[in-house]
Amino acid sequence: MTGEHQRLALLLFCAFVALTLAITLWAGRRRRGSPEEFYAGGRLFSPMENGFALSGDYLSAASFLGISGLIALYGYDGVLYCVGFLVAWLVVLLLVAELVRNCGRFTLADVVASRLRHPPVRFAAGVSSVTVSVLYLVAQMVGAGSLVALLAGGSGTGARTAAVAGVGALMVTYVVVGGMRATTWIQIVKAVLLLAGAATLTALVLLRFHGDPGALLDAAAERSGHGPDFLAPGLAYGDGLADRLDFLSLGVALVLGTAGLPHILARFSTVPTATSARRSVVWSIGLIGGFYLMTIVLGFGAAALVGGAAVRAGDPSGNTAVPLLALDLGGGAASTGGTVLFAVVAAVAFATILAVVAGITLASSASVAHDLYATVRRSRAGRTGRSGAAGGPGEVAVARVAAAVVGALAIGLGLLARDLNVAFLVGLAFAVAASANLPVLLYALFWRRFTARGALWALYGGLGPAVLLVAVSPVVSGTPDALLPGVDFQVFPLRNPGLVSVPLGFLAGWLGTVTSREPADPVRHAKTQVRALTGAGAA
């Protein structure tokens, strides 16, 4: 790209940043400083608005950049990510949405605490939520680094570092100044831009092949460098037993992980009723399903028009496949049309990253302040005999400080993991969510005998193995594309731990309950059931 074209691209990008900052300042003036306003936006959003915000929260850099890149590089095996991400919403719709809205207040720990009033359980749920949020944030940071480095015409460490640091600063600003109200409106604007941009690119790809999907697939297979194997299973996940188990592990994590993501669960607190929560999910399923259908076209379009070799040259993990496709569809790097389309798509992709990181940062800061800080404060107050009531401006102030700390941590880890595919990184976050958060959530909502000991065992018995297995997997060491390629302490052969850690989480919760000396409270279970199914007593 020429210097003039780079300036045009950066101008469009800066225009979106200015728009989001304006939304943040507008929302910041309207906030009242209460936890309900900061965490839930006053619970004033309609189902349609929350449905767009949910889709904005969910359609991350992994969806727009990572999955399209995986399809461009691996064909059929990349499409499987789309299937897993979409099917997961059926679990959310059927098992989680209404019940979480009725039983929860702001966080996952609130849902569990409605059944088990045990401070260590709330603390453990907060730890698990923060862990999942940070892993998810790292994926977005990696996508931001790849995108802005390409947008600015640089691929070195300096460009990536500046991009990641800039995203971190912006996401902290959104959360600290605007809270949930600003975050939600940024999600809505981002969802509209993302869907419109994807639809435009999809139409242009299909027009290039005269509306013939068969011609598109043939061209993709030819230019991918893999021939007919590109359209068959096994390119990314081969024929060996370990490869097949790795694919199955990924599927388990994707399908079950969505229902345990803290920033998705937090969205159900922004609507006034459980019915609104369910209708929000229906809206989001329609929007997300349409987007993933377009993502398949974009991935194969990148393989057919840009070529597998060029996609790898832009980014070894394929994270820049869609921007490169836009450049080609507009007429190439030397044309004004190509640069404008590239800049628009890059700005939309960056909007995707900014909006998602704002939602995740808000969810993680809520867990730190509302779950971890509040639990410690009550515990200390109980020992000293003073009032330990949490909430109010003090808790919100802690949440704002936590947002800055989480942002700094995500920046550091994002720089460390800069060469990994963002969709793959999100798969790891889903695995941890499915291993720790989902078991305790389902047990608390549906199992009459569930106890506090079972909750602690489920949370730590899922979280610990998931993180440990990732640490000793090929993701961290032992392979050329690992985080630490120079060392080898790989023990676990799978790249995603979901196949092992998810059953362990459910097993640990069951084992902790059946071996607990403390009997379950049938009255508390009955109250939880009534509240979950009817909404009586819901916040």
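**Cavities and a pocket in the predicted model**

The largest cavity holds about 80 Å³ of space. It belongs to a predicted model, in which a search of the whole structure finds 3 cavities of 30 Å³ or more. Lining the largest cavity are Tyr39, Asp57, Phe106, Met180, Thr183, His263, Ala266, Arg267, Gly359, Leu362, Ala363 and Ala366. By class, this lining comprises 7 nonpolar, 3 polar and 2 charged residues. Helices α8 (157-208), α11 (262-267) and α15 each supply at least two of the lining residues, and α15 gives the most, with 4.

Turning to the second largest cavity, about 70 Å³ of space lies within. Its lining is made up of 13 residues, and those nearest the centre are Val100, Gly104, Arg105, Leu265 and Ser269. Two or more residues of this lining come from each of α5 (76-103), α6 and α11. Sorted by class, the lining of the second largest cavity has 7 nonpolar, 3 polar and 3 charged residues.

Among the pockets, the second largest encloses about 390 Å³ of space. It is lined by 15 residues, with Asp110, Ala113, Arg117, Arg122 and Arg378 the closest to its centre. Here α6 (108-113), α7 (119-151) and α15 (336-384) each contribute at least two residues to the lining. The most come from α15, which gives 3. The lining of this second largest pocket divides into 5 nonpolar, 4 polar and 6 charged residues.

Helix α15 is thus a handy landmark to follow in the model: it gives the most residues to the lining of the largest cavity and also to that of the second largest pocket.

Notes
Residues are numbered from 1 along each chain as its sequence is written. This is a predicted model: local features need pLDDT of at least 70, side-chain atom pairs count only at pLDDT 80 or more; totals for chains, interfaces and linings use all residues. Side-chain values use heavy atoms; hydrogens and water are left out. On a 1 Å grid over the protein atoms alone, a cavity is a set of points where a 1.4 Å probe fits but cannot get out, and a pocket is an open set with protein on both sides within 12 Å along at least five of seven lines; lining residues have an atom within 4 Å of a point. Grid points are joined across faces, edges and corners, and a volume is the space filled by probe spheres set on the points. Ala, Val, Leu, Ile, Met, Phe, Trp, Tyr, Cys and Pro count as nonpolar, Asp, Glu, Lys and Arg as charged, and the others, Gly among them, as polar.
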